[in-house]
Structures are given as C-alpha cells and as structure tokens.
Amino acid sequence: MNNEDESSLPGPMFSRNDFSIWSILKKCIGLELSKITMPIVFNEPLSFLQRISEYMEHTYLIQKACSQSDSIQRMQTVAAFAVSAVASQWDRTGKPFNPLLGETYELTREDQGFRLISEQVSHHPPISAFHTESLTGDFVFHGSIYPKLKFWGKSVEAEPKGTITLELHKHKEAYTWTNPFCCVHNIILGKLWIEQYGTVEIVNHSTGEKCVLNFKPCGMFGKELHRVEGYIQDKSKKKCCVIYGKWTECMWSIDPQLYEAHRKLEKKGTTDTRKQKQEEPEAINEDADEMPDVQETVAVIPGSTLLWRISSRPPHSAEMYNFTNFAMTLNELEPGMEGVLAPTDCRLRPDIRAMENGNIDEASSEKERLEEKQRAARKERAKDDEEWSTRWFQLGTNPYTGSQDWLYTGGYFDRKYTDCPDIY
C-alpha cells in the first residue's frame with residue numbers, strides 16, 4: 001500500500017449479507033473450527049500473525065513500567081498493558097487469515113522503540129509464536145498462542161491458549177499471564193458483536209505479587225458489558241489496590257479501602273432491584289442475541305488514578321474492518337521493503353494483499369491455491385518421513401511457569417534468509 005494516507009486501506013470491505021454461513025457451520029456445533037474452511041468474505045485482510053502484533057499498540061505502557069521504581073506501581077502498569085493488548089479486539093468481527101506453516105511477520109517501530117518477529121510454528125493445532133524486544137534492551141515480550149475456536153450455535157468462542165511473558169531487564173522481573181476468552185456473537189443472524197471474558201492472572205515471578213483481573217461476561221441486562229475488575233495482592237496475599245474499568249475504554253486504580261467505602265455508599269444509595277430479576281429461566285431462542293446497549297461509560301470513583309485510556313479509531317474505521325490506526329499500517333509494503341523482508345513475511349502473501357486491494361475473487365482463488373500448496377508440501381514430507389522444522393523458534397520450557405513454550409532462537413534480524421521455505 002503506497003498511498004500517502006496511512007489511515008485507510010486501498011479498498012473498503014465487502015458486504016457479508018449475501019453469504020449463508022449457517023450452511024457451513026451447522027455441521028460443527030460444539031466442534032473445533034481450526035479444520036473448517038470459511039468463505040473469505042468473513043475475513044479481514046490481515047494474518048493472525050499481524051493480529052497478535054497488535055498487542056504492541058500501547059508499548060508506551062511497558063516503557064513506563066520500566067521506569068517505575070515501585071513494584072506495585074509496575075504491576076498496575078503491566079495490568080493496564082495486558083488489558084490494552086486485547087483492546088483492539090473491540091468490534092473486530094472479521095476473522096484474520098490462518099497463517100500458513102512457516103509464515104513469518106516482522107514489525108519494527110522506531111517511534112515506539114521495539115521490534116517484533118513472529119512465526120507460525122505449527123499447523124494442527126495452529127500455533128503462532130512471537131518475540132518482541134526493546135530497541136534499547138529494556139524488555140522482551142514473548143509468547144505462543146493457540147487460538148482454540150469453538151462454535152456454540154449462535155457464537156464462536158476463541159480461547160487463546162498459551163502463556164505470555166514480559167521481562168523487564170532493569171528490574172530483573174518477569175510477569176506471565178494468559179489472555180481472556182473472546183466470543184463473536186450472532187454469526188448466523190443479526191449484528192455481529194464481541195465480548196471478552198474470563199480471569200486473567202498476572203504473576204510477578206520475582207516478587208510473588210499477583211494481579212487478578214476479571215473480564216466480566218455481559219450478563220442478563222448488559223450491565224457488565226466490557227467491564228474489567230480486579231486487584232493486586234502482595235506475596236502475603238494482602239490486597240494493595242483495586243483496578244477497574246472497561247477494556248474498550250480505560251483502566252483505573254484505587255486504594256481498596258476507598259473502593260469498599262464507595263461500594264457501601266452505592267449499596268445504601270440505591271434501592272434493591274434484585275427482586276425484579278427472578279423471571280422465568282430464559283428459553284433458548286432462535287433469534288439473534290441482541291448486543292446490549294453500551295451502558296454509561298466507566299463511573300470514576302473519587303481518588304482513582306488513570307492507568308490507561310484507549311486511542312480513538314480513525315473516522316472511517318467501520319468501513320475498514322473496524323481497524324485501529326495501528327492495524328491499518330500492519331500490511332503496508334513500503335518502497336524498498338521487499339528486498340529486506342524474509343520471503344515468508346505476511347506482507348508478501350498474495351491472498352491477503354488481493355483482499356486488501358478489494359479483489360475478492362482473486363483473494364479467494366489465491367487462498368485456495370496457497371492452502372493446496374501447503375497440503376501438497378505436507379504430503380511430500382509424510383512420504384519421506386520428514387518432520388517440519390521451524391526456522392526462528394524452538395519448542396522449549398518457559399523458565400518461569402515450567403510449561404511448554406516456543407522460544408525465539410535469535411538471528412532473524414541478521415537477514416540471512418537462504419533456507420526459508422517456499423510457502424507462497
């Protein structure tokens with residue numbers, strides 16, 4: 001994309017109304033979706049490797065944590081970063097392209113002080129590994145994600161299995177966590193909408209401090225939509241602070257006593273409305289699950305400190321797959337880049353490029369060709385009893401959690417790409 005305007009894509013998205021997704025999905029209720037081929041019109045023109053690089057949109061929070069001397073304050077900032085890393089999911093109802101085995105993506109952002117490399121290290125199950133390092137050597141941030149998808153009739157749920165690790169070198173600290181569940185509602189009928197839920201536990205392995213964040217499901221009346229609430233405890237399990245907000249908006253921290261006092265006042269001040277809620281149990285209906293109206297924005301409790309606020313999206317984001325400004329730039333192929341990138345980089349992937357340019361038929365036939373090429377290569381390997389070998393990551397053990405993890409072996413930015421697989 002060489003046009004001057006970085007806040008838009010070459011072609012707007014396609015209407016999804018003419019496609020019956022139901023005919024494909026009704027065979028898969030309760031099953032895993034990684035083996036099902038979906039029509040390209042449900043995609044967005046980015047690979048999942050590019051999607052996970054969006055964790056880095058608010059890198060300034062990692063830089064801030066590096067500069068803070070108090071470990072509880074650092075944990076607050078890391079918690080804000082963990083929430084900010086999944087904030088770009090908001091309204092992103094297009095499905096990223098499944099990366100091909102051996103596909104890579106690199107991103108260097110001098111302005112934000114990092115460089116990232118990711119690789120699709122496994123096809124069944126699909127696992128994407130990434131490694132980000134600070135350009136000044138202050139931090140590394142890495143992990144491997146297996147987005148386990150399940151279909152539940154009206155919605156698709158993604159469980160991002162895999163640990164995320166942030167190491168702050170100056171403080172000799174490592175934090176680990178896993179991301180919340182993400183659910184796309186109304187994939188058959190009605191307006192698509194997104195919900196994230198589940199408990200995210202961030203552990204500081206050096207101090208024993210822990211942050212527990214509860215991403216709340218939206219609940220019967222949508223009161224809880226997008227809400228995140230949690231606390232930080234020290235190693236003796238004493239609550240040091242409460243964190244609250246919405247992952248679509250902002251996160252705040254407050255002293256636990258102030259928080260509790262405020263809650264008590266709230267309870268006194270409001271009449272008890274719980275009695276009205278005991279209606280008959282909800283029958284399973286065939287209609288769309290209406291997205292709850294977004295309730296009033298976060299009510300800030302006096303005495304709170306702002307940890308993070310989301311950046312606003314570009315004005316025509318809705319016609320551009322609901323991309324953020326950051327996402328808009330991820331597939332750009334700047335002049336001179338082609339000579340530098342690894343031949344496996346997503347920016348060189350023809351189906352995504354065709355879709356970004358608005359050529360849906362070409363995108364669809366290219367996607368089929370690439371998937372066929374991948375299958376043929378797999379058959380060849382099976383014939384010769386040959387194992388696939390990853391190029392930039394190897395399977396190892398996360399030193400902090402002891403669980404299996406894909407670790408970066410280094411050397412990508414030396415730009416020696418002689419033995420990269422031919423996947424496009």
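Which residue, just after α8, takes a positive phi? In this predicted model, the residue in that place is D385, whose phi is about 50°. The helix that precedes D385, α8, covers residues 360–383 and has 24 residues. From its first C-alpha to its last, α8 reaches 35 Å, which is close to the 34 Å expected at 1.5 Å a residue. Several residues of α8 are buried, namely A363, E366, K367, L370, E371, Q374 and R381, and the buried residues of this helix pack against the strands β1 (43–47) and β2 (95–97) as well as against helix α7.

The protein chain as a whole contains 8 helices and 18 strands, and of its 424 residues, 52% count as buried. Among the contacts in the chain with a separation of 6 or more, 62% are accounted for by residues 24 or more positions apart. The area that the protein chain exposes is about 20400 Å², and carbon and sulfur atoms supply 52% of this area.

Helix α4, which runs over residues 71–84, has 14 residues and reaches 20 Å from its first C-alpha to its last, close to the 20 Å expected at 1.5 Å a residue. This helix is mostly covered, with 13 of its 14 residues buried. At the start of α4, a side-chain oxygen of D70 comes to within 3.2 Å of the backbone nitrogen of I72.

The largest nonpolar core of the structure has 68 residues, and those with the most contacts inside it are F139, F141, L166, W177, I202, L213 and I243. Helix α4 contributes the largest share of this core, 8 residues. Apart from this core lies another, of 14 residues, which includes A129, Y146, A342 and Y408.

Aromatic residues also pair with one another, and the structure holds 14 such pairs. In one of them, the ring centres of F81 and W177 are 6.4 Å apart and the ring planes stand at 80°, so the pair is edge-to-face. Because F81 lies in helix α4 and W177 in strand β9 (residues 173–177), this pair ties together parts of the chain that are 96 residues apart in sequence. Both F81 and W177 are buried. Another edge-to-face pair is formed by W392 and Y417, with 6.0 Å from centre to centre and 90° between the planes. This second pair links distant parts of the chain, 25 residues apart, since W392 is in the loop between α8 and β17 (393–397), while Y417 is in the segment after β18 (404–408). W392 and Y417 are both buried as well. In addition, ring pairs link Y55, F81, F130, F141 and W177 into a cluster.

A further site to consider is R349, which is placed in the loop between α6 (325–328) and α7 (350–356). With a relative accessibility of 2%, R349 counts as buried, because the cut-off for a buried residue is under 20%. The side chain of R349 makes a polar contact, at 2.8 Å, with the side chain of E103. When residues up to four places away in sequence are not counted, R349 touches F97, N98, P99, L100, E103, L370 and Y424. Of these, L370 also appears among the buried residues of α8.

Key. Residues are numbered from 1 along each chain as its sequence is written. This is a predicted model: local features need pLDDT of at least 70, side-chain atom pairs count only at pLDDT 80 or more; totals for chains, interfaces and linings use all residues. Side-chain values use heavy atoms; hydrogens and water are left out. Helices (H or I, at least four residues) and strands (E, at least two) are DSSP runs, numbered from the N terminus. Buried means under 20% relative accessible area, exposed over 50%, partly exposed in between (1.4 Å probe, protein chains only). A polar contact is a pair of N or O atoms within 3.5 Å; within protein, one must be able to donate a hydrogen and the other to accept it, and residues adjacent in sequence count only if both atoms are side-chain atoms. Contact means heavy atoms within 4.5 Å. Accessible areas come from the Shrake-Rupley method with a 1.4 Å probe; for residues, only the protein chains shown count as cover. The expected span of a helix is 1.5 Å times one less than its number of residues. A nonpolar core is a set of buried Ala, Val, Leu, Ile, Met, Phe, Trp, Tyr and Cys residues joined through side-chain atoms within 4.5 Å. Rings of Phe, Tyr and Trp (its six-membered ring) pair if their centres lie within 6.5 Å; planes under 30 degrees apart count as stacked, over 60 as edge-to-face and the rest as tilted.
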